[in-house]
Amino acid sequence: MFPTNKPCLPLALALKNMDYEMITINLTKDGGQQFSEEFQALNPMKQVPALKIDGITIGQSLAIIEYLEETRPTPRLLPQDPKKRAHVRMISHLLASGIQPLQNLSVLKQVGQENQLTWAQQAISSGFNALEQILQSTAGKYCVGDEVSMADLCLAPQVANADRFKVDLTPYPTISRINKSLLALEAFQVSHPCRQPDTPPELRA
Amino acid sequence: MDYEMITINLTKDGGQQFSEEFQALNPMKQVPALKIDGITIGQSLAIIEYLEETRPTPRLLPQDPKKRAHVRMISHLLASGIQPLQNLSVLKQVGQENQLTWAQQAISSGFNALEQILQSTAGKYCVGDEVSMADLCLAPQVANADRFKVDLTPYPTISRINKSLLALEAFQVSHPCRQPDTPPELRA
């Protein structure tokens, strides 16, 4: 089973023009490489991603992205205006904590194979229903106005997951439109889930 | 900051968070949502970061970017790694007979990781010796752990920090057992 991945971090690194070494962790091979002692020492949450940078290790995608933004401020991933920043964070958190954790691999395992598809579809649809409504007041070309932000980095991988779980995107025209615009950007193409170094051959784009 | 709290009963009337009025305010149909400065913000951490940027004192995030990263990492671990997995809508889907085990598993799993992270970040509080956004996320999650009868013996650092937080006035008046809508039998 192709594991749920979270390329929002590679997207951030790509947009910031940063070089990095990616160590891929296969979430299902060998019982799950995230349970190895080596990886646990690096990231006790046993989840991906984790970033070693500037002598520290940070887990949690959004915490990592905020750190990158504060230490490598250009190009921006958050707008300058505090109210727009609040919108970017609200959308990012809706995706990162309102949807993503409910359909990640460890939760799906607990739910049981026969329930997984329905469960994941429910989590995604519920979140996308809300997001579509929020975007009516925040979106321009992208999630918040006309600049790519952290919110967009969270959106694209979640739409990829929606496709994977066969969620009907017809009720979400704004989400679809924004995602299409994002996929036209180079950073979103080289980081696309179907182009990772460890993408299984049958899923490679 | 002064504020008006409108309490939403998540189970009464089929769940007041599903009312049209509340949905217009917060389409995610979750709590909390804050109306402030002419906008409405959902998602606790997004709200707190906005408050920090617009009302910067007293600080809820340290100045140093690496410490800020630690505060955010812990906050997100709690807010997205644990809390969503044991909130009401998920527990309803899991089914009543599975709820306790499911919630305990979510909390223990997250607390195992957090206890280890705190070994390198904690001072008096989660990150160093100043109260931060991480501590604001911790205290309610420990209260939830109590509610779901999670054994806290494996988490001495979490317990110690929580005890220090509960000694602070802000954490006492905001305790789940002291809210205006706390049922009488749970009122502290």
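A salt bridge, as I use the term in this notebook, is a side-chain nitrogen of Lys or Arg within 4 Å of a carboxyl oxygen of Asp or Glu. I keep in mind throughout that what I am reading is a predicted model.

**Entry 1: one salt bridge, then the interface**

I began with B:Arg68 and A:Glu70, whose side chains meet in a salt bridge at 2.9 Å from N to O, which falls inside the 4 Å cut-off. Counting between chain A and chain B, I found six salt bridges, and I also noted six residue pairs in polar contact across this interface, with both residues at pLDDT 80 or more.

I then asked which elements of chain A each supply at least two residues of the side that touches chain B. I listed β2 (56-59), α3 (61-71), α4 (82-99), α5 (105-111) and α6 (116-138), and I noted that the largest share, 12 residues, comes from α4(A). Sorted by class, that side of chain A has 19 nonpolar, 13 polar and six charged residues.

For the extent of the contact, I recorded 38 residues from chain A and 38 residues from chain B. The area buried between the two chains is about 3400 Å², and carbon and sulfur atoms give 68% of that area.

**Entry 2: chain A as a whole**

I turned next to the layout of chain A, which comes to nine helices and two strands, and from the N terminus on I read its elements as α-α-β-β-α-α-α-α-α-α-α. Of the 205 residues in chain A, buried residues make up 54%. When I looked at the contacts in chain A with a separation of 6 or more, residues 24 or more positions apart accounted for 63% of them.

**Entry 3: helix α3 of chain A**

Is α3(A) mostly covered or mostly open? I found it mostly covered, with nine of its 11 residues buried. Among the buried residues are A:Leu62, A:Ile64, A:Ile65 and A:Leu68, and the two glutamates A:Glu66 and A:Glu69 are also buried. I add that α3(A) is one of the elements that supply at least two residues to the side of chain A touching chain B.

**Entry 4: aromatic pairs**

My search of the whole structure gave three aromatic pairs over all chains, and I followed two of them in detail.

In chain A, A:Phe128 and A:Tyr172 form an edge-to-face pair, 5.5 Å centre to centre with 85° between the planes. A:Phe128 lies in helix α6 and A:Tyr172 in the loop between α7 (150-164) and α8 (173-183), so the pair ties together parts of chain A that are 44 residues apart in sequence. A:Phe128 is buried with a relative accessible area of 0%, and A:Tyr172 is buried with a value of 3%.

In chain B, B:Phe111 and B:Tyr155 form an edge-to-face pair, with 5.5 Å centre to centre and 85° between the planes. B:Phe111 lies in helix α5 (residues 99-121) and B:Tyr155 in the loop between α6 (133-147) and α7 (156-166), so this pair ties together parts of chain B that are 44 residues apart in sequence. Both B:Phe111 and B:Tyr155 are buried.

**Entry 5: A:Glu186**

Finally I looked up A:Glu186, which has its place in helix α9 (residues 186-190) of chain A. Is A:Glu186 buried or exposed? I noted that A:Glu186 is exposed, because its relative accessible area of 61% is over the 50% cut-off. The C-alpha atom of A:Glu186 is separated by 9.1 Å from that of A:Ala14, although the two residues are 172 residues apart along the chain.

Note on methods
Residues numbered from 1 in each chain as written. Chains lettered and ligands numbered in written order. Predicted model: local features only at pLDDT ≥ 70, side-chain atom pairs only at ≥ 80, totals over all residues. Heavy atoms only, no water. Contact = heavy atoms within 4.5 Å. Buried area = accessible area lost by both parts, 1.4 Å probe. Polar contact = N/O pair within 3.5 Å; in protein donor to acceptor, adjacent residues only side chain to side chain. Helix = DSSP H or I, 4+ residues; strand = E, 2+ residues; numbered from the N terminus. Nonpolar A, V, L, I, M, F, W, Y, C, P; charged D, E, K, R; others polar. Phe/Tyr/Trp six-rings, centres within 6.5 Å; stacked < 30°, edge-to-face > 60°. Buried < 20%, exposed > 50% of the residue type's maximum accessible area, 1.4 Å probe, protein only.
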